[in-house]
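Colleague: I would like a close look at a single part of this model. Please take the open sheet and walk me through how it is put together. Then add whatever helps me read the rest of the chain.

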Amino acid sequence: MAKATLLVLQGVDQGKRATIGQQTVSLGRGPQNTIRILDTEVSRNHAEILFENEHWTLHDLDSSNGSFVNGQSIRSHMLKTGDQLQIGRTILLFTEMASPGSSEIASRIDLLSADDPDKSQIVGTVASSEGKPLARQASVSRIAPVITADDNLQTLYRISEEAVRATDSLDLLLHRMLDLTIDAVGADRACMLVAESRSDRILPRVFSHRPGVNPNERMPVSTSIVNYVIAQGEGVWTSDALHDSRFDPGHSIVQAGIREAMCVPMQGRYELMGVIYVDITSPADYLLKGGAPRTFREELLTLLLAIGRQSALAVENFRYQEALVTAERLAAVGQTIASLSHDIKNILQGVRGGSYLIDMGLNEGKEELIRKGWTIVERNQDRIYGLVMDMLTYSKERQPTLKESDLNSVVEEVNRLIEGRIADHPTRTELHLEENLPTTLFDPEGILRAVLNVATNAIDAVEESDNGKVIISTDYDAETELLSVTVKDNGTGIPVAERNHIFDLFKSTKGARGTGLGLTVSQKIMHEHGGEIQVTCPEGGGCIFRLAWPRITDDAAPLEHTGAPTRNESSAPG
């Protein structure tokens, strides 16, 4: 079954990947879509992707801001691997799932050893370092027309364009380049044998053929020729016509046709990445009717050498990016472990301190010590629970569980949770709740965690103040269809140098008291709802965090708005 993927390159859902099959896939902001795009500039029902005639086609559904493919506005467009779809502010990369695996590719190719009955002989070579001009004309067969300098430059341009096209599959990248190679040199079949990244073995990696060629016929590849190309670093042109007894007088040419092949190295910057092997065959019945043998020429061999160079650079670049991503992942894992270990250690120290007071109180019969110790244990239990919940929320790619919910009730629950923490502290909290909030769909558990994290940070900011105050308010803007929760404190504020990093993972301004997860998780939850957190810090001190997201209903009718704040705007109320 044909499958493809959509990877979000840019937008609030950056990094998310969705797999699509042959069923119709709808894209839009509404919860009923197959793929929800949480972008305020995306229509409720924006576009759909249909599988038609063995291809995927993107259709715009009369969206307000339109749909684009590779920067061009479209109404309907057949997609191919590497296409970039823009919907609102979101850019997605379309990639068809990987071509046949290496085992299937190997079944399409016969690797002939020196003992196999392959009578092809080298009839021409070109050194990869010669750099002969590609402008020389060549007269070749009807399959390979006269090649000009412009043709060669256009071919190399298209090959280079494919080499830098965004993709997450090396096989698909090489397959596209192989298809262009077949057209450029007039070959019947082509394959790439690529060196494994973890060993020196060069194995069949991709295979392609021109339309009309029997797809079940195996392609013979001479290992002697391949080894010669690897050892000498030269491109070679071979034919079985000059040394075949069928061309002696008295032998019938009907037995078989004439086969020619070219093989060139894929020489990278520092090492050989593999070889490209192409061939053509002039059928015997065609030759008996007086047809001229189809043949390659030295000029095509020179062009194929240039293609081999570009293909090798593409393999090198892809592997470099793979290694870079792997290194970044390992570094991220190390940072995560170090940060979480530090946070858990601090929490456990608090639990041990509370347990010590409880033990002392039990031994000495002092109830006040037991209560004090238990309070410390409870506080650290809340910290470890919050840390675990933040870890789970951040680690999972998920769609929010939308329910018709009352935002005021969620905020009231947040206030009850933080009141227990400040019971013995002069800090005060105030609730300013909008009375006429409309019914809406959102994830109540997610919104509660997002608001609780921000409110907890506000409590921490005023904890050392004798007149600390935190105000939590709800609001609904009918013009922009935005729901919002605003958390305002009168603490010392956030230093200017740190304001651009407050949403970075494991970046905390609270020292040992903070995990650096809370605000990151809150922002992630807002993005899941298609919203954003904006922060302002007035000159007089304090901070204002505004969590805003578009209203969602279960009605499928389009609901458009253009006044939603962008990431660069700061529109929190004073």
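Modeller: What follows starts with the sheet and its helices, then turns to side chains elsewhere in this predicted model.

Start with the strands. The sheet is open and holds five of them. Read across, their order is β21-β23-β24-β26-β25. The pairing is mixed. Now look at the two ends of that order. β21 covers residues 428-432, and β25 covers 532-536. Both are edge strands with a single partner strand each, so one side of each has no neighbour in the sheet. How far are neighbouring strands turned against each other on average? The answer is 15 degrees, with direction ignored.

Zoom in on one edge. β21 pairs with β23, which spans residues 469-477. The two run in the parallel sense, and five bridges link them. One of the contacts is easy to find by residue. Pick R428, and its bridge partner in β23 is K469.

Next come the helices. Helix α9 is made of residues 444-462. Which strands does α9 lie across? They are β21, β23, β24 and β26. Here β24 is 482-489 and β26 is 543-550. Against β24, helix α9 runs at about 20 degrees. Helix α10 takes in residues 518-528. This helix lies across β25 and β26. Its angle to β25 is about 130 degrees.

One loop of this region deserves a stop. E481 sits between β23 and β24. Its phi is near 60 degrees, which is positive although E481 is not a glycine. Why stop there? Most residues other than glycine have a negative phi. Is E481 buried or exposed? It counts as buried, at 15% relative accessibility.

N70 also has a positive phi, near 55 degrees, and N70 is not a glycine either. Its place is the loop between β7 (67-69) and β8 (72-74). N70 is partly exposed, with a relative accessible area of 38%.

Now for the charged side chains. How many salt bridges are there? The count is 16. Take R89 and D39 as one of them. Their side chains meet at 3.5 Å, N to O. R89 is in the loop between β10 (84-87) and β11 (90-96), while D39 is in the loop between β4 (35-36) and β5 (47-52). The pair therefore ties together parts that lie 50 residues apart in sequence. The two ends have their own settings. R89 is partly exposed, at 23% relative accessible area. D39 is buried, at 1%.

Look at two further salt bridges. K80 and D83 meet at 3.5 Å, N to O. K80 counts as partly exposed, with 41% relative accessibility. D83 is buried, at 0%. The other pair is R201 and E196, whose closest N and O atoms are 3.1 Å apart. E196 is partly exposed, with a relative accessible area of 31%. Some salt bridges share partners, and in this way D39, E41 and R89 join into one network.

Then the cysteines. The number of disulfides is zero. Why do C191 and C263 not bond? A disulfide needs its two sulfur atoms within 2.5 Å. The sulfur of C191 has its closest cysteine sulfur in C263, 8.1 Å away, so the gap is too far for a bond. Seen from C263, the closest cysteine sulfur is in C191. C191 counts as buried, at 0% relative accessibility. C263 is buried as well, with a relative accessible area of 1%.

Finish with the rings. There are three aromatic pairs. In one of them, F51 and W56 have ring centres 4.7 Å apart and planes at 65 degrees. What does that angle tell you? Planes over 60 degrees apart count as edge-to-face. The F51 and W56 pair is therefore edge-to-face. Both residues are buried. F94 belongs here too: F51, W56 and F94 form one aromatic cluster.

To go over the sheet again, trace β21-β23-β24-β26-β25 on screen. Then find α9 across β21, β23, β24 and β26. Last, find α10 across β25 and β26.

How values were computed:
Residues are numbered from 1 along each chain as its sequence is written. This is a predicted model: local features need pLDDT of at least 70, side-chain atom pairs count only at pLDDT 80 or more; totals for chains, interfaces and linings use all residues. Side-chain values use heavy atoms; hydrogens and water are left out. Two strands pair if DSSP finds at least two bridges between them. Helices (H or I, at least four residues) and strands (E, at least two) are DSSP runs, numbered from the N terminus. Axes are lines fitted to C-alpha atoms, for helices over the stretch in contact, and angles run from 0 to 180 degrees between N-to-C directions. Contact means heavy atoms within 4.5 Å. Buried means under 20% relative accessible area, exposed over 50%, partly exposed in between (1.4 Å probe, protein chains only). A salt bridge is a side-chain nitrogen of Lys or Arg within 4 Å of a carboxyl oxygen of Asp or Glu. Rings of Phe, Tyr and Trp (its six-membered ring) pair if their centres lie within 6.5 Å; planes under 30 degrees apart count as stacked, over 60 as edge-to-face and the rest as tilted.
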